There are 2 protein chains.
Amino acid sequence: MLKNSEFIDKLRSSGLRPTKQRLKICEVLFNRDKTFHFTINDLAKNISEQLNEKISLATVYNTVHAFKNKGYLKEISINSDKSYFDTNITNHHHFFDEDSNELIDCDEDVIENLNIKKNITGKKINSVEVLIKVASDNQNQN
Amino acid sequence: MLKNSEFIDKLRSSGLRPTKQRLKICEVLFNRDKTFHFTINDLAKNISEQLNEKISLATVYNTVHAFKNKGYLKEISINSDKSYFDTNITNHHHFFDEDSNELIDCDEDVIENLNIKKNITGKKINSVEVLIKVASDNQNQN
DNA sequence: ATATAAATTATAATTATTCTAAACTGTTGA
DNA sequence: TCAACAGTTTAGAATAATTATAATTTATAT
Ligand SMILES: [Mn+2]
Ligand SMILES: [Mn+2]
Ligand SMILES: [Zn+2]
Ligand SMILES: [Zn+2]
């Protein structure tokens, strides 16, 4: 559990003013035991459940993008029409459960030896992401 | 170069009526030397350039989804607000050039030994996709 | 040919996201 | 301390991709 003053320092040190909206969003995002994978909608719902005054949706978007640009969040590519964000900013890969639309971190030992041996000439690699889509193993009942 | 009658057979054999719209779209998609990576907008533009009568955008969407469901196209996950489709339906991976927003197939020898060693209990793996985001190697001129 | 189901189409609706511009707030330094 | 200024929040409008609707047209089987 991080203290409020730690969030204030973190925000200030990256040139972001510690507003009450940003501090609340920090609390929701970063005062957790486990990685949080979320859509903007997940986050907005989570905030409104915990708060009496509301934070505008525009501010949620603004803040998430600011945090992403500062490197406090990652954005994850899913074949869907909405963006997912991730509080785990280390290099790691994901399962995506197509039944529940849930992102799940891969442990280190899931993917063996991922090694990119070639690249496009004149380009640098910005990221390498593996997405493993999974779904229920049940037979279709036709 | 596939013949029109081959497209007709292919469509019929998958329970799709060979309409003139679908045949034109087949021609645009599948009469190519190389893999075609496209957005709906790319495809619609490509069609209208080659055609005097126009095909409705709704039909382009309908047809692309029908072809995807029949396994003639793959949909690729990019961190963007639009979907990409791929005429290469083999298992393969991609570079994504963030300068040009272009998808590029990885050759077999780009990724070594991709091996998924664990899975979520009770789920089956539907797909494994690697996306390598690249961009220009130039220094930022500040 | 006719009946029927499938497909096409224009257009409206939906949804995620971004933009706008006015009001508000945090910070700085006189 | 407090005015000035830049940074932030906000409601609401705009945008853009996609999906839904429902009327018309077309393909196919009998
Ligand atoms: Mn989609
Ligand atoms: Mn969208
Ligand atoms: Zn993650
Ligand atoms: Zn491809």
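In this predicted model, A:Ile116 stands opposite B:Ile111, a residue in strand 6 of chain B. The pairing around these two residues is antiparallel, with 2 bridges joining strand 7 of chain A to strand 6 (residues 111-112) of chain B.

This pairing belongs to a wider contact that takes 38 residues from chain A and 39 residues from chain B. The area buried between the two chains is about 3400 Å², and carbon and sulfur atoms give 48% of that area. On the chain A side, A:Asn79, A:Glu112 and A:Lys123 lose the most area to chain B, together 15% of what that side buries. Polar links are also found here: 21 residue pairs are in polar contact between chain A and chain B, and 6 salt bridges cross the interface. One of these salt bridges joins B:Lys123 to A:Asp99, with the closest N and O atoms 2.8 Å apart. Strand 8 of chain A gives the most to the side that touches chain B, with 14 residues. That side of chain A divides into 15 nonpolar, 10 polar and 13 charged residues.

Turning to the nucleic acid, 20 residues lie around DNA strand C, and A:His65, B:Thr19, B:Gln21, B:Arg22 and B:Thr59 come nearest. Sugar and phosphate account for 77% of the DNA strand C atoms that come within 4 Å of the protein. A polar side-chain atom of B:Thr59 lies 2.8 Å from a phosphate oxygen of the strand. Backbone atoms approach phosphate oxygens as well, at 2.9 Å for A:Ser83 and 3.1 Å for B:Ser56. Helix 4 of chain B gives the most to this surface, with 3 residues.

How values were computed. Residues numbered from 1 in each chain as written. Chains lettered and ligands numbered in written order. Predicted model: local features only at pLDDT ≥ 70, side-chain atom pairs only at ≥ 80, totals over all residues. Heavy atoms only, no water. Near = heavy atom within 4 Å. Polar contact = N/O pair within 3.5 Å; in protein donor to acceptor, adjacent residues only side chain to side chain. Helix = DSSP H or I, 4+ residues; strand = E, 2+ residues; numbered from the N terminus. Contact = heavy atoms within 4.5 Å. Buried area = accessible area lost by both parts, 1.4 Å probe. Salt bridge = Lys/Arg side-chain N within 4 Å of Asp/Glu carboxyl O. Nonpolar A, V, L, I, M, F, W, Y, C, P; charged D, E, K, R; others polar. Pairing = 2+ DSSP bridges.
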